[in-house]
Amino acid sequence: MSHLDDFPSTPGKFKMEKSPFIHSRMRWHWQSSLAKLSFWSLIFMGVIFIFFFRSPSSNPIAQDPSRRSLRTYNWGGPVWEKRVRSSARVLSRNGFSVLVTGAAGFVGTHVSAALKKRGDGVLGLDNFNDYYDPSLKRARQALLERSGVFIVEGDINDSALLRKLFEVVAFTHVMHLAAQAGVRYAMENPGSYVHSNIAGFVSLLEVCKSANPQPAIVWASSSSVYGLNSKVPFSEKDRTDQPASLYAATKKAGEEIAHTYNHIYGLSLTGLRFFTVYGPWGRPDMAYFFFTRDILKGKSIPIFEAANHGMVARDFTYIDDIVKGCLAALDTAKKSTGSGGKKKGPAQLRVYNLGNTSPVPVSELVSILERLLKVKVKRNFMKLPRNGDVQFTHANISLAQRELGYKPTTDLQTGLKKFVRWYLGFYSDGKKAAE
Ligand SMILES: NC(=O)c1ccc[n+]([C@@H]2O[C@H](COP(=O)([O-])OP(=O)(O)OC[C@H]3O[C@@H](n4cnc5c(N)ncnc54)[C@H](O)[C@@H]3O)[C@@H](O)[C@H]2O)c1
């Protein structure tokens, strides 16, 4: 008899063994195998259970930084609507009512405060994400609250929220500054750039295009769109098809998306290419900010050099100059021409460089900080890593000068002095300055 004969040829047709001894031996063998199998299955399921339910990384939102912004926010209700309306109320003759996205951010805070000061109605919107210390964003929020600007907590991807805001207020303008900023972080969390700079921008434009009346939109692009362009100074006519980082690529995508919404729906759109903005209430991920922190801690400062000891330089632009450029862009923006999602005629589409036109080597930035902070700096010269940073930026601002009357007036030494004064006040006594 072949050993193969012991097994059924078809399922369910197992033939009974004739010998009782063989039968009981087999039963014992089966029972013991079954017990072993159950034991190991239990162990296996236990391990799976521990992995999924006890592991700190089992929460997919905590695990994936790009999904952190998918938080839900509380908005709506009569008290909330009253705050929205009151914040956006225009207090000057011919003033605007402006929705400022990214209002708890560095540039957003300064622009919101300046608009409010001159009598425009301002409503902020920000998701307060934790790309950098959210307590700094909260401190900026407290600052704006004191001047009567309410920041709605929410994401620009939340179309229902955006529609609600346009239902409550007929915004004449949108100053769109919400974005995932920073060049290097794109290698860590690429999804956050797509979420805020592409999907978020489209979500905002969709609501703007359907609003009645459509607002005029001024939004922040970036000098980073010039990427590997080596012709200086960078002019708006230069090529912008060689981005050196995903951040730059999403800003470039934004410019193309702006073109589409202008072309199809008649939205008035102005893109502003900011060049390395710095100043009080600035961004902790930027070199001038963390150099200051690290110099005060006695840490050595990395100074990047390009190939053959080539200097790395930036066209540092002081925040007050940027704010003037933003307000001028809003003031000169023509109305959108569409209504109810339909284009009625050609609309304005503009792009401007907002820089300082005088690039300064990063080593010089460190020397200025050294003098202002009165601390001897330990310099650590390093090769410029290939992580998205470009060797230099230099703006040609003649177009903005001509059409916006833009004229930067603050040099790096003067601007850094103001930044350092703010920094020392803000961080000296446990952020007390923000209360
Ligand atoms: N600061 C610069 O040097 C510089 C240079 C070039 C371009 N820009 C651009 O200017 C704008 C403002 O930059 P900043 O320096 O004030 O940056 P920031 O990070 O301080 O401000 C951006 C704000 O947007 C918010 N935000 C991000 N994603 C959001 C979302 N999906 N929904 C709602 N809010 C969201 C953030 O919480 C943050 O408060 C950005 O578009 C940035 O890309 C800045």
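Of the 435 residues in the protein chain, 40% are buried. The model is a predicted one. Its secondary structure consists of 13 helices and 14 strands in the protein chain. When contacts between residues at least 6 apart in sequence are considered, 81% of them in the protein chain join residues at least 24 apart.

The surroundings of the ligand were examined next. A total of 29 residues lie around the ligand, and those that come nearest are Gly 102, Gly 105, Phe 106, Ala 179 and Ala 220. Two or more residues of this shell are given by each of helix H4 (106-117), helix H7 (190-210) and strand S5 (216-222). The most is given by H4, which supplies three residues to the shell around the ligand. In terms of residue class, the shell around the ligand holds 13 polar, 12 nonpolar and four charged residues.

Ser 159 was also considered. This residue is part of helix H6, which covers residues 159-168. Ser 159 counts as partly exposed because it has 15 C-beta neighbours inside 10 Å, whereas 20 or more would be needed for a residue to be buried and 12 or fewer for it to be exposed. Leaving aside residues up to four places away in sequence, Ser 159 touches Ser 203, Glu 206 and Val 207. For one of these pairs, Ser 159 and Glu 206, the separation is 47 residues in sequence and 8.4 Å in space, taken from C-alpha to C-alpha.

Note on methods:
Residues numbered from 1 in each chain as written. Predicted model: local features only at pLDDT ≥ 70, side-chain atom pairs only at ≥ 80, totals over all residues. Helix = DSSP H or I, 4+ residues; strand = E, 2+ residues; numbered from the N terminus. Contact = placed C-beta atoms within 7 Å. Near = placed C-beta within 6 Å. Nonpolar A, V, L, I, M, F, W, Y, C, P; charged D, E, K, R; others polar.
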